[in-house]
Amino acid sequence: MIQSAKLGASFRDPSGFLFRREGVLYRQVNESYRDSYDQLVGSGLYQALIESGLLVPHEEIDVEPYDPGPAYRVIKPESVEFISYPFEWSFSQLKDAALATLKIQKKALEFEMCLKDSSAYNIQYYRGHPVLIDSLSFERYVPGEPWVAYRQFCQHFLAPLSLMARSDIRLEQLLRVYIDGVPLDLASKLLPKSSYLNFPILSHIHLHAMAQRRYADSAVDKNRVSGGMSKNAFLGLTDSLESGVRGLNWRLGGTEWGDYYDQHNYTQQGMEDKKKIVNEYLDQTGPRIVWDLGANVGRFSRLASDRGVFTVSFDVDPGAVERNYREARRRGEERLLPLTIDLTNPSANIGWHNRERLSLLDRGPADTVMVLALLHHLAISNNVPLPQLRDFFYQAGKWLIIEFVPKSDSQVRKLLATREDIFPDYDVTGFAEVFAERYIIHARKRIRDSEREIYLMEGKD
Amino acid sequence: MMFMNATVVLSSVLAAPLMRGHAYLDPGSGSFLLQLLLAALLGGLFVLRSYWGRIKAFITKKGSKEENEEE
């Protein structure tokens, strides 16, 4: 019996759904979507989007549908290595995803189609670029009709971007709570008064929120408004949203592109030595997927991604992730994905039935996990005992490249300066003993000119 | 004020639920009507902008042609 499972995030749109069979991801296209699907492919829109790198390619495939009743056909999309969510993206990642969505909308209009949804979750980072992963997001453009996904675009993109740029970068985290995007009345309330002077924000957020409130209990007779929105108006709306998104910027504090690394704890040789050790360990583990936890701006992540290994570069600091992404974009890096994650509270299973958006660990495991200059922050600043840390890393991936930072290190001394030392077991012996319970320790190397050591460990089965 | 006028213009279209071909999202009455309200303005701006683009292209083309002729 072949096991198939429908994906928990794929249920809202009756046009089709995703399912996994023997580890392969497929999308069933339903009969009800036949005309639109045929138009997508037949009109040349599909090809145009693939050539512009805006849609994830798929192939039509002859396999048994998951649900043969309503099925029209089955397609197999190219797989995205790591599914990430908007609340994990940096400001520019969300902005680029918004611009990609509008570009797709404009391209679709050239082929007399338009987007029937504009969910930020339909965009994924694929080979370094934001692409649409849902081939069923298109429908025939009907002249005169307004854009059905306009509200969704404002909630998923314009509202969080405006809040991040004009109020506080951390307000992106509202997307974790509001799974269908930030409610516009809330965005309107949280934005500063000065944002009323920005025409796109004024019209698409403030007036939009007012209109929603005013017509909350009204139903619209579509037939009577048919023809109300010309194609120029449709294009004008798209243009206005685009200029709104383009106009939003987040200026990073401090000296931009300055070295973001705290180098006080390594000499120049020490830093080179650390790179050498990590490179050696990467050679030994030969991973396909690396998770670099606490990656900062991704200097060590690049040791993996530059050798073609797909690397997710996590950090808690939105500024570091933003710098990391901008650098990846500038260098055209296809194998690096910077993301914002707070390891003390990593992304959980959320949405309907707790199955729509997966937790960090449910999107793993990685082959190799890197934990460099991070352990002391989790163990001492966040009071996580070493066995719990070990168990988390163990679940995250098979191999572990981990740096132990002893109490005598100035960074740890700083962390302990203002608090009582309640960590009698935090030393290199205790660390090795605790980790050896679930790992085989293959190597340990001291970083030159420092008291820090990097371990290579392999999880026991 | 703007919305008082909008009410007069748009109240005539409020009646039955919205139905579309493949649409599974509810566009929301307010969002739907706001688009209609913005339509004239944004459509006009879009036309103006594309004309302006054409005029600019015409001038630039003419300019570069003249330059070429001078060579």
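## Working through a predicted model

The biggest nonpolar core here holds 130 residues, and V369(A) and V371(A) have the most contacts inside it. Helix 4 (residues 150–166) of chain A supplies the largest share of this core, ten residues. Keep in mind that this is a predicted model.

### Exercise 1: around V369(A)

Find which residues V369(A) is in contact with, leaving aside its neighbours within four places in sequence.

*Solution.* Start with W291(A) and L293(A), which are both on the list. Then add F393(A), A396(A), G397(A), W399(A) and L400(A). Now put these on the secondary structure. Strand 10 of chain A covers residues 289–293, and strand 13 of chain A covers residues 366–371. Those two strands pair in the parallel sense over four bridges. Along that pairing, L293(A) stands opposite V371(A), and V371(A) is one of the two residues with the most contacts in the core.

### Exercise 2: the seven-stranded sheet

Work out the strand order of the open sheet of seven strands in chain A, and say which strands sit at the edges.

*Solution.* Step one is the order: 12-11-10-13-14-16-15, with mixed pairing. Step two is the edges: strand 12 and strand 15 (439–446) of chain A each pair on one side only. Step three is the twist: ignoring direction, neighbouring strands are turned by 15° against each other on average.

Now zoom in on the strand 12 end. Strand 11 (residues 310–315) and strand 12 (residues 336–340) of chain A pair in the parallel sense over five bridges, with T311(A) opposite L336(A).

### Exercise 3: buried or exposed?

Decide whether the residues of strand 12 of chain A are buried or exposed, and sort them by the way they point.

*Solution.* In a regular strand, side chains alternate between the two faces of the sheet. Going along strand 12 of chain A, L336(A), P338(A) and T340(A) point one way, while L337(A) and L339(A) point the other way. Both sets are buried, which fits the count of five out of five buried residues for this strand.

Try the approach again on strand 7 (residues 123–126) of chain A. I123(A) and Y125(A) lie on one side, Q124(A) and Y126(A) on the other, and all of them are buried.

### Exercise 4: helices on the sheet

Describe how helix 14 and helix 16 of chain A pack against each other.

*Solution.* First, the geometry: helix 14 (residues 386–396) and helix 16 (residues 428–436) of chain A pack at an angle of about 45°, with their axes 9 Å apart. That angle makes helix 14 of chain A oblique to helix 16 of chain A. The crossing is right-handed.

Second, the contacts. L386(A), P387(A) and R390(A) from helix 14 of chain A meet G430(A), F431(A), V434(A) and F435(A) from helix 16 of chain A.

Third, the sheet underneath. Helix 14 of chain A lies across strand 10, strand 13, strand 14 (397–404) and strand 16 (453–459) of chain A, and runs at about 145° to strand 13 of chain A. Helix 16 of chain A also packs on the sheet, touching strand 14, strand 15 and strand 16 of chain A. Its direction makes about 150° with that of strand 15 of chain A.

### Exercise 5: backbone oddities

Locate the positive phi values at E22(A) and D449(A), and say how exposed each residue is.

*Solution.* The background: most residues other than glycine have a negative phi, and most peptide bonds are trans.

- E22(A) has phi near 50°. It sits in the loop between strand 2 and strand 3 (24–30) of chain A. E22(A) counts as exposed because there are 7 C-beta neighbours inside 10 Å.
- D449(A) has phi near 60°. Its place is the loop between strand 15 and strand 16 of chain A. With 14 other C-beta atoms within 10 Å, D449(A) is partly exposed.

One more positive phi turns up in a hairpin. Strand 7 and strand 8 (residues 129–132) of chain A pair in the antiparallel sense over four bridges, and Y125(A) has P130(A) as its bridge partner. The hairpin has two residues between the strands, and R127(A) takes a positive phi near 50° there.

Finally, which residues does a cis peptide bond join? The pair is G364(A) and P365(A), with omega about 0°. P365(A) lies in the loop between strand 12 and strand 13 of chain A.

Conventions
Residues numbered from 1 in each chain as written. Chains lettered and ligands numbered in written order. Predicted model: local features only at pLDDT ≥ 70, side-chain atom pairs only at ≥ 80, totals over all residues. Core = buried A, V, L, I, M, F, W, Y, C linked by C-beta atoms within 7 Å. Buried ≥ 20, exposed ≤ 12 C-beta atoms within 10 Å, placed from the backbone. Contact = placed C-beta atoms within 7 Å. Axes fitted to C-alpha atoms, helices over the stretch in contact; angles between N-to-C directions. Parallel < 35°, antiparallel > 145°, perpendicular 65-115°, else oblique. Left-handed = near helix turned anticlockwise from the far one by under 90°. Pairing = 2+ DSSP bridges.
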